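Work through the exercises below with the model open beside you. Try each task before reading its solution.

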Amino acid sequence: MAFSQSVIRSQAPAKCGICETDRPIKWKCIDCSKLLCDHCKEKVHPELKNTENHQVVNIKDIGQLTSVELNINKQYKTTLSSVNYLSYCHDDSLWISSYIGTVLTRVKPEGTKLNILSSISIRVYGMAVTQSNNLLISTEGSRLKQISSNTGTLTDSVYNVSPFRPLAIHITSDNKVLVGGFNKDFPKQGRRAVIRMNQNGDHEQVYEHDKHKQPIFTLPKHITSTRNGNIHVVENVSYARGRVVVLGQGGDIIHIYTGDTEINKDEFEPFIPTAIVTTPRDNVIIADARTCTLHILNNVGLLMTYYKTSDINIMFPWSLTFTSTGQLYIGCVTKKSSTIKDAKIYEVTISGC
């Protein structure tokens, strides 16, 4: 068993970022990071230059964490060089896949081993388990594929994102399907969007442009959502840098998270998020494999704390999925120089978030 405690953010007495008086702090501007009293929020901040589109949130919505703890329950060794995709099924099995190769495998953790239940040859670009325990897959073409939990049969699903190609898949708590899509002639410039669909496959909303009619996304690769209706999208903005875009219920950008200056210090430790998942407490965990870090945000996308998985010898955490009982599975990748295919999967108990 391994144990460690997260970095704790110290909480100093806060003053209004504008008037610097002892008036009670009730607000924070996400864009300029200022804490605000009622007076400055209403009278002063709106009059500052270029603040007309700033997002101001109630300080209660930001939340606070004192510490996060991880305890390793079990460790499993795979025959893969990387566990890039990881999805939990309601019967306690797992779907796993790697960027390298075209094999998608369903396994059942038993004791210290992963017993293989089934496998199928298919290229995976994103996947998610439905409430009926079927697996949706992004692969070649515009239509998502589906694997039946009962028969293991691969079929076309009702979810078609044409004219896009699908990447990320996420299923919300109210059974909507969110898919990250990109242009078919990528990497050429083109349309990038997140599409929300109902159970019939109807497109209910396409998130593509901000309020200024500018494209929101560069390449949406992973998605999660929180109970307040916000959508959190991990995307690449370049080969060597990523970000998390948080959309409100109406589709407006309410925050963009680009990493933490204590972790992602320079060009050698850039923020390249590889997975995102919502916790039972409605916070968000992001895997940052290069720095062996879990970034923990609240449901509006503000950093609460972070956890160095290397402290408990979990190296290069790449994929994340929660079980129905709140345990967290972490899929890892091996070192780039390694020739041994033994990427690990950890089952951990995480508390405090």
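## Exercise 1: Cysteines

Task: Count the disulfides, taking a disulfide as a pair of cysteine sulfur atoms within 2.5 Å.

Solution. By this rule the count is zero disulfides. Take Cys19: the nearest cysteine sulfur belongs to Cys16 and is 3.7 Å away, and Cys19 is in no disulfide. For reference, a disulfide is a covalent bond between the sulfur atoms of two cysteines.

Before going on, note the ground rules. This is a predicted model, with residues numbered from 1 along each chain as its sequence is written. Local features need pLDDT of at least 70, side-chain atom pairs count only at pLDDT 80 or more, totals for chains, interfaces and linings use all residues, and side-chain values use heavy atoms, with hydrogens and water left out.

Task: Classify Cys19 and Cys29 by accessibility.

Solution. Start with the cut-offs: buried means under 20% relative accessible area, exposed over 50%, and partly exposed in between (1.4 Å probe, protein chains only). Cys19 has 27% relative accessibility, so Cys19 counts as partly exposed. Cys29 has 0%, so Cys29 counts as buried.

## Exercise 2: A four-stranded sheet

Task: Give the strand order of the open sheet that holds β6, and name its edge strands.

Solution. First, the terms. Helices (H or I, at least four residues) and strands (E, at least two) are DSSP runs, numbered from the N terminus. Two strands pair if DSSP finds at least two bridges between them. The order is β6-β7-β8-β9, and the pairing is antiparallel. The edges are β6 (85–88) and β9 (113–121), each of which pairs on one side only. Neighbouring strands of this sheet are turned by 25 degrees against each other on average, direction ignored. Axes here are lines fitted to C-alpha atoms, for helices over the stretch in contact, and angles run from 0 to 180 degrees between N-to-C directions.

Task: Describe how β6 joins β7.

Solution. Strand β7 covers residues 94–97. Four bridges join β6 to β7, and the two run antiparallel. Ser87 has Trp95 in β7 as its bridge partner. In the loop between β6 and β7 sits Asp92. Its phi is near 75 degrees, a positive value in a residue other than glycine. Asp92 is partly exposed because its relative accessible area is 42%.

## Exercise 3: An aromatic cluster

Task: Trace the aromatic contacts that start at Tyr85.

Solution. Set the rule first. Rings of Phe, Tyr and Trp (its six-membered ring) pair if their centres lie within 6.5 Å; planes under 30 degrees apart count as stacked, over 60 as edge-to-face and the rest as tilted.

- Step 1. The rule gives four aromatic pairs. One of them is Tyr85 with Tyr99, edge-to-face at 5.6 Å centre to centre and 75 degrees between the planes.
- Step 2. Tyr85 lies in β6 and Tyr99 in the loop between β7 and β8 (103–110), so this pair ties together parts 14 residues apart in sequence.
- Step 3. Tyr85 is buried, at 9% relative accessible area. Tyr99 is partly exposed, at 34%.
- Step 4. Tyr99 also pairs edge-to-face with Trp318, at 5.9 Å centre to centre and 85 degrees between the planes. Trp318 is in strand β26 (residues 317–322), and this pair links distant parts of the chain, 219 residues apart.
- Step 5. Tyr85, Tyr99 and Trp318 form one aromatic cluster.

## Exercise 4: The surroundings of Thr224

Task: Is Thr224 buried or exposed? Which residues does Thr224 contact?

Solution. Thr224 lies in strand β18 (residues 220–225). Its relative accessibility is 3%, so Thr224 counts as buried. Contact means heavy atoms within 4.5 Å. Leaving aside neighbours within four places in sequence, Thr224 contacts residues including His170, Asn230, Ile276 and Val284. Thr278 is also among them.

The side chains of Thr224 and Thr278 are joined by a polar contact of 2.7 Å. A polar contact is a pair of N or O atoms within 3.5 Å; within protein, one must be able to donate a hydrogen and the other to accept it, and residues adjacent in sequence count only if both atoms are side-chain atoms.

## Exercise 5: Backbone geometry

Task: Locate the cis peptide bonds before Pro163 and Pro187.

Solution. Ser162 and Pro163 are joined by a cis peptide bond with omega about 15 degrees. Pro163 is in the loop between β13 (154–160) and β14 (164–171). The bond from Phe186 to Pro187 is cis, with omega near 15 degrees. Pro187 is in the loop between β15 (177–183) and β16 (192–197).
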